[in-house]
Structures are given as structure tokens and as C-alpha cells.
Amino acid sequence: MSIHKKEIKKITTHVLHAMKLRGEKISMLTAYDYSMAKILDAAKIDVILVGDSASNVMAGHETTLPITLDQMIYHAQSVIRAIDRALVVVDLPFGSYQGNPMKALDSAIRIMKEAEAHSIKLEGGAEVVESIQRILSAGVPVMGHLGLTPQSIYKFGTYSVRAKEEAEAAKLIEDAKLLQEVGCFALVLEKIPAKLGKIVSEELDIPTIGIGAGPDTDGQVLVTHDLLGITKDFHPRFLRRYAELFQVIQGAVENYIKDVKDREFPNEKELY
Ligand code: KIV
């Protein structure tokens with residue numbers, strides 16, 4: 001008797017392009033570990049981002065800057081082990097690609113080889129284009145990231161909405177076209193006016209994935225821990241919380257503590 005494993009249609013960069021062509025929105029969420037990635041993949045998320053937001057969410061840093069390439073590879077390895085369907089994109093961390101195309105290529109190759117990831121993402125436009133080209137020359141798919149770029153927080157000083165002024169909006173459009181021209185397969189647009197999100201998405205052939213960039217980007221991305229209400233005290237306008245898991249988990253843990261203290265756990269049925 002032969003066992004037929006159900007064929008799973010894997011999401012590739014080509015599938016994302018086809019989704020844009022037929023007007024089907026792309027869903028993307030972050031994951032940094034095996035258990036969460038397993039849940040997202042089972043829910044049929046299209047793209048999983050192993051974001052450098054792991055620096056905040058997993059490690060408790062104030063910014064994304066401290067996370068290292070080794071740490072990103074560890075997170076990516078854990079996520080990749082869980083995935084049957086989603087496309088996995090891994091962030092190149094701060095300091096692993098800026099200003100040195102050969103270093104950028106080495107960093108991207110380490111992620112692809114050691115984590116067996118599917119693609120990488122990096123922040124910036126014209127200033128990182130040589131790094132992008134070098135990575136692409138090795139056959140590694142690259143996702144761009146424009147608008148609010150958290151790795152440059154100390155340059156901008158705030159996490160406020162970007163490209164509200166005409167000159168900055170024009171530069172963003174120019175950068176977006178450049179990233180498409182050199183071969184990026186998609187582009188994250190973070191915290192920009194919805195009108196600009198629409199213009200960029202209409203002008204590009206590659207898919208745009210927005211976070212705080214309005215409803216007209218080709219897809220949406222959120223940090224999973226924000227969407228699930230695991231992170232507390234973070235309420236930007238663009239964030240919709242689909243659960244309040246901080247309270248749910250805290251309640252469960254409080255019940256467990258009470259049962260232990262009251263000698264209610266374990267009971268007769270829970271022992272050998
Ligand atoms: O690191 C991250 O989570 C990201 C998303 C906010 C797009 O880059």
C-alpha cells in the first residue's frame with residue numbers, strides 16, 4: 001500500500017508576483033521560533049519574516065541594532081524547521097551589509113547556507129544598492145525595506161511617520177523604482193502616508209508589503225507578538241490586535257501557581 005503525502009503548494013517569490021498580478025493580497029507575519037512558525041504555517045500565512053524585531057521582542061532591547069548575525073541565524077534555523085508552505089524571509093541585521101558589498105554577500109550566504117532560508121531583507125535605498133546587487137548576483141532573493149527603517153533610528157531620532165514631505169516622498173518613490181530595477185522581488189513599506197503607499201504600489205510591478213502604509217499595498221505585515229497582544233504598551237495607530245494573550249497567559253500562570261500552592265496540582269489522575 002502506498003502512502004500519498006498531500007502535495008503542499010509552497011509559496012515562492014514567483015507565487016507572490018502572480019498574487020500581485022491577480023490582485024490577491026499577500027499576508028506576512030514575523031516569527032522567531034519553531035512553535036510560533038508552526039502555528040503561522042498551519043494557518044497558511046504566505047510569508048514569514050524572521051525580523052530583526054527579534055532584538056526587541058525576543059531579547060528585550062530598545063532598538064533592533066544590537067541583534068547579531070549569529071543570533072538571526074539561530075532564529076531563522078528554528079523557524080525553517082517548522083515550515084511546510086510559507087516563504088521565509090530573514091532580516092540582515094544592522095552592521096552586516098551597510099557600506100560593504102562583499103560583507104553583505106557573506107552575511108546573506110551565511111543565512112542561506114546555515115539556516116536554509118529562502119530569501120533575505122535589508123533596509124535602505126540607493127545607499128545600499130551595491131550590497132543588494134552583490135547579494136542578487138549570488139542568486140539570493142532580496143526584499144527591500146523603505147519608509148521607517150528602524151536600523152537608522154539614531155539618524156532620524158523618532159519612530160514617527162516618514163515621507164510626509166514632498167521631497168522625502170519623491171526620494172522614496174525613486175528608491176522604490178531603483179530597488180525594483182536592480183532585482184528586488186518585493187518591498188516592505190513601513191509607516192508612510194497611505195496615499196504614498198498607493199502610488200508606490202501602483203507604480204511598481206513587484207509586490208509591496210505595508211506596515212502602517214495604508215490599504216493599497218499588495219500585502220500587509222505585522223509583528224505577530226503585537227497582533228496577538230503579547231507585547232504590552234505598544235499601541236501605534238496601524239496595529240490591530242486580534243487577541244490579548246498577555247492577559248490570557250498571565251491568567252493561566254496565576255491559576256497554575258494557585259493550584260500548586262493549594263496542593264490542587266497534581267491530582268489523583270495526574271500521577272503515576
Ligand atoms: O523586523 C521586523 O519585524 C520588520 C517588520 C516590522 C517589517 O522589519
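# Group meeting: the ligand site and a few backbone oddities

Okay, let's start right at the ligand: a polar side-chain atom of D52 lies 3.0 Å from one of the ligand's oxygen atoms. Before I go on, keep in mind that this is a predicted model.

Next to D52 in the sequence we have S53, and a polar atom of the S53 side chain comes to 2.5 Å from a ligand oxygen. Then there's D91, where an N or O atom in the side chain is 3.2 Å from an oxygen atom of the ligand. As for how covered the ligand is, it has 260 Å² of accessible area on its own, and the protein covers 94% of that.

So who else is in the neighbourhood? Besides D52, S53 and D91, the residues around the ligand are T30, L49, G51, K121, H145, E190, I211 and V223. If you sort that shell by type, you get 3 nonpolar, 4 polar and 4 charged residues. And where does the ligand sit? In the largest pocket.

Let me pick one residue out of that shell, L49. You'll find L49 in strand 2, which runs over residues 47-50. Is L49 buried or exposed? L49 has a relative accessible area of 7%, and the cut-off for buried is under 20%, so L49 counts as buried. There's also a long-range pairing to look at here: V221 is 172 residues away from L49 along the chain, yet their C-alpha atoms are separated by 8.7 Å.

For contrast, have a look at K171, over in helix 8. K171 and I257 are 86 residues apart in sequence, and C-alpha to C-alpha they are 55 Å apart in space. K171 comes out at 38% relative accessibility; that falls between the 20% and 50% cut-offs, so we call K171 partly exposed.

Now back towards strand 3, residues 87-91, for a loop residue. S96 is in the loop between strand 3 and helix 5, the latter being 101-114. What does the S96 side chain have for company? One of its polar atoms lies 2.7 Å from the backbone oxygen of P93. S96 is buried as well, because its relative accessible area is 5%.

Right, backbone oddities, for those of you who like checking torsions. Which residues have a positive phi without being glycine? A163 is one of them, with phi near 60°, and D233 is another, at about 55°.

Where are these two? A163 is in the loop between helix 7 (153-156) and helix 8 (166-182). D233 is in a loop too, between helix 10 (224-227) and helix 11. Their surroundings are at opposite ends of the scale, though. A163 is at 3% relative accessibility, so A163 is buried. D233 is at 69%, and since exposed means over 50%, D233 counts as exposed.

Last item on my list is a peptide bond. F265 and P266 are joined by a cis peptide bond, with omega about 0°. P266 is in the segment after helix 11, which spans 245-261.

If you want to pull up just a few things afterwards, I'd go with the D52, S53 and D91 side chains at the ligand oxygens, then the positive phi values at A163 and D233, and then the cis bond between F265 and P266. That's me done, thanks.

How values were computed: Residues numbered from 1 in each chain as written. Predicted model: local features only at pLDDT ≥ 70, side-chain atom pairs only at ≥ 80, totals over all residues. Heavy atoms only, no water. Near = heavy atom within 4 Å. Polar contact = N/O pair within 3.5 Å; in protein donor to acceptor, adjacent residues only side chain to side chain. Areas by Shrake-Rupley, 256 points an atom, 1.4 Å probe, with all protein chains shown as cover. 1 Å grid on protein atoms, 1.4 Å probe; cavity = no way out; pocket = protein on both sides within 12 Å on 5 of 7 lines; lining within 4 Å. Sits in = over half its atoms within 2 Å of the grid points. Nonpolar A, V, L, I, M, F, W, Y, C, P; charged D, E, K, R; others polar. Helix = DSSP H or I, 4+ residues; strand = E, 2+ residues; numbered from the N terminus. Buried < 20%, exposed > 50% of the residue type's maximum accessible area, 1.4 Å probe, protein only.
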